[in-house]
Amino acid sequence: MATEQRTLPLLTPYKMGKFDLSHRVVLAPLTRQRSYGNVPQPHAILYYSQRTTKGGLLIAEATGISDTAQGYKDTPGIWTKEQVEAWKPIVDAVHAKGGIFFLQIWHCGRVSNTAFPSAGFQPNGQAPISSSDKPLHSLSPNGVNTNKFSPPRRLGTEEIPQVVNDFRIAARNAVEAGFDGVEIHGAHGYLIDQFLKDEVNDRTDQYGGSLENRCRFALEIVAAVSKEIGADRVGIRLSPFADHGECGDSNPEALGLHMVQSLNKYGILYCHMVEPRIKRSGEEIETPKSLLPMRNAFNGTFLAAGGYGREDGNNAVEENRADLVVYGRWFLANPDLPRRFEIDAPLNKYDRSTFYTSDRVVGYTDYPFLELNPTV
């Protein structure tokens with residue numbers, strides 16, 4: 001008698017708030033640097049629609065909330081009418097295939113430059129803003145901007161509400177563009193993380209010192225964005241264990257736990273957290289530390305990211321360590337990743353050298369699907 005085929009945990013349905021997901025394989029927010037002049041481009045329509053499945057969750061690449069938020073060439077924004085309009089056909093293409101689409105909103109903070117490569121990323125050549133005036137010496141998650149950072153300016157206490165408001169307006173603009181919700185980028189050494197982590201944050205006002213104070217900025221943003229578009233449309237990405245951009249913390253477990261317990265008060269839809277094994281981009285370490293305490297403490301949907309493959313992704317869902325598993329490099333190189341997981345097909349190898357090039361096709365929309373791949 002034939003044995004019943006086991007359904008892969010990654011391919012089981014999941015109800016995320018009001019969204020009915022058909023599987024648990026999520027497209028990570030991946031910076032691709034192909035939004036010329038910070039405006040999303042028509043070639044992104046194909047890129048995102050290629051990776052869309054009916055009932056699949058996609059998180060769009062990190063998108064700037066203001067003209068001071070930029071730190072990389074040709075990353076998209078959501079603070080102008082032109083940008084909002086440019087996102088609309090991209091969102092429409094994902095929705096036409098039945099996908100659920102969230103926009104990651106970010107501010108780079110001190111991961112920026114006033115004169116790189118020529119004009120710089122900051123308006124009027126002003127200093128990048130941060131929680132501190134501590135300079136950033138090196139960064140190599142993307143192979144860009146390495147060792148070229150301008151000294152930041154410490155945000156004044158009275159200036160912080162304006163940045164919180166920029167996040168709020170960005171969320172409103174995202175919904176206007178048609179996105180189903182937003183993910184607040186609180187990870188990987190960018191502005192929010194620069195407030196969260198004690199390696200950078202040396203403030204003595206209500207935004208520095210204690211764990212509660214260092215988390216205040218992030219939670220004010222969560223509150224403002226939730227009030228603007230509804231907590232049921234809000235997620236946040238956190239990486240308490242990572243030290244991207246010289247942004248580590250002396251007690252990451254306490255930081256992560258305090259954040260998720262605080263997030264419960266706002267009732268947001270999801271928390272997307274990076275595994276402790278990912279200390280820096282492209283680098284995995286052996287560690288006994290786990291996201292399990294945070295996963296168990298958080299009341300909403302829990303997303304885990306960080307070097308996952310097919311089997312450990314399945315295990316994470318089966319063992320209830322995550323509700324959804326987020327894939328970056330493998331989804332980038334395999335637009336039909338859920339299908340490949342389903343039949344255990346070989347995966348296209350990714351080409352890191354084309355992750356951040358400006359080409360609108362090469363390394364972007366030219367990775368083959370299974371039916372077009374003669375090696376499968």
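How do the residues of the lining of the largest pocket divide into nonpolar, polar and charged?

## The largest pocket

In this predicted model, the lining of the largest pocket is made up of five nonpolar, two polar and six charged residues. The pocket itself holds about 200 Å³ of space. There are 13 residues that line this pocket, and those closest to its centre are E275, P276, R277, T287 and K289.

## Overall architecture

The protein contains ten helices and 14 strands. Its radius of gyration is 20 Å, close to the 21 Å that the globule rule gives for 376 residues, so the protein is as compact as a globular protein of that length. Measured out along the principal axes, the C-alpha trace spans about 70 × 40 × 40 Å.

Of the 376 residues in the protein, 60% are buried. When contacts are restricted to residues at least 6 apart in sequence, 73% of them join residues at least 24 apart. The protein exposes about 14700 Å², and carbon and sulfur atoms supply 51% of that area.

## Enclosed cavities

Separately from the pocket, how many cavities of 30 Å³ or more are there? The count comes to three cavities that reach this volume. The second largest cavity contains about 50 Å³ of space, and its lining consists of G186, D193, L196, K197, L238, S239, P240, L255, G256 and M259.

Two helices, α4 (191-196) and α6 (252-263), each supply at least two residues of the lining of this second largest cavity, and α6 gives the most, with three residues. Sorted by class, the lining of the second largest cavity has five nonpolar, three polar and two charged residues.

## Helix α1 and its surroundings

Helix α1, which runs over residues 43-50, is mostly covered, with six of its eight residues buried. The buried residues of α1 are H43, A44, Y47, Y48, S49 and Q50. As for the partners of this helix, the buried residues of α1 pack against the strands β3 (25-27), β4 (57-64) and β5 (100-106), and also against helix α2 (81-96).

The loop between α1 and β4 contains K54, and K54 is exposed, with a relative accessible area of 68%. Although K54 and G98 are 44 residues apart along the chain, their C-alpha atoms are separated by 4.1 Å. With its neighbours within four places in sequence left aside, K54 is in contact with S22, K97 and G98, and so G98 appears here as a contact of K54.

## Two residues with positive phi

Which loop holds Q33? The place of Q33 is in the loop between β3 and α1, and its phi is near 55 degrees, a positive value in a residue other than glycine. At a relative accessibility of 6%, Q33 counts as buried, because the limit for that class is under 20% relative accessible area.

H188 is found in the loop between β8 (181-186) and α4, and the phi of H188 is likewise positive, near 55 degrees, in a residue other than glycine. The relative accessibility of H188 is 14%, and H188 therefore counts as buried.

## P135 and a distant tyrosine

P135 lies in the loop between β6 (129-130) and β7 (153-154). Is P135 buried, partly exposed or exposed? With a relative accessible area of 39%, P135 is partly exposed, since that class lies between the limits of 20% for buried and 50% for exposed residues.

Not counting residues up to four places away in sequence, P135 touches R110, P152 and E246. P135 and Y47 are 88 residues apart in sequence and, taken from C-alpha to C-alpha, 36 Å apart in space; Y47 is one of the buried residues of α1.

Note on methods:
Residues are numbered from 1 along each chain as its sequence is written. This is a predicted model: local features need pLDDT of at least 70, side-chain atom pairs count only at pLDDT 80 or more; totals for chains, interfaces and linings use all residues. Side-chain values use heavy atoms; hydrogens and water are left out. On a 1 Å grid over the protein atoms alone, a cavity is a set of points where a 1.4 Å probe fits but cannot get out, and a pocket is an open set with protein on both sides within 12 Å along at least five of seven lines; lining residues have an atom within 4 Å of a point. Grid points are joined across faces, edges and corners, and a volume is the space filled by probe spheres set on the points. Ala, Val, Leu, Ile, Met, Phe, Trp, Tyr, Cys and Pro count as nonpolar, Asp, Glu, Lys and Arg as charged, and the others, Gly among them, as polar. Buried means under 20% relative accessible area, exposed over 50%, partly exposed in between (1.4 Å probe, protein chains only). Helices (H or I, at least four residues) and strands (E, at least two) are DSSP runs, numbered from the N terminus. Contact means heavy atoms within 4.5 Å. The radius of gyration is taken over C-alpha atoms; the globule rule is 2.2 Å times the number of residues to the power 0.38. Accessible areas come from the Shrake-Rupley method with a 1.4 Å probe; for residues, only the protein chains shown count as cover.
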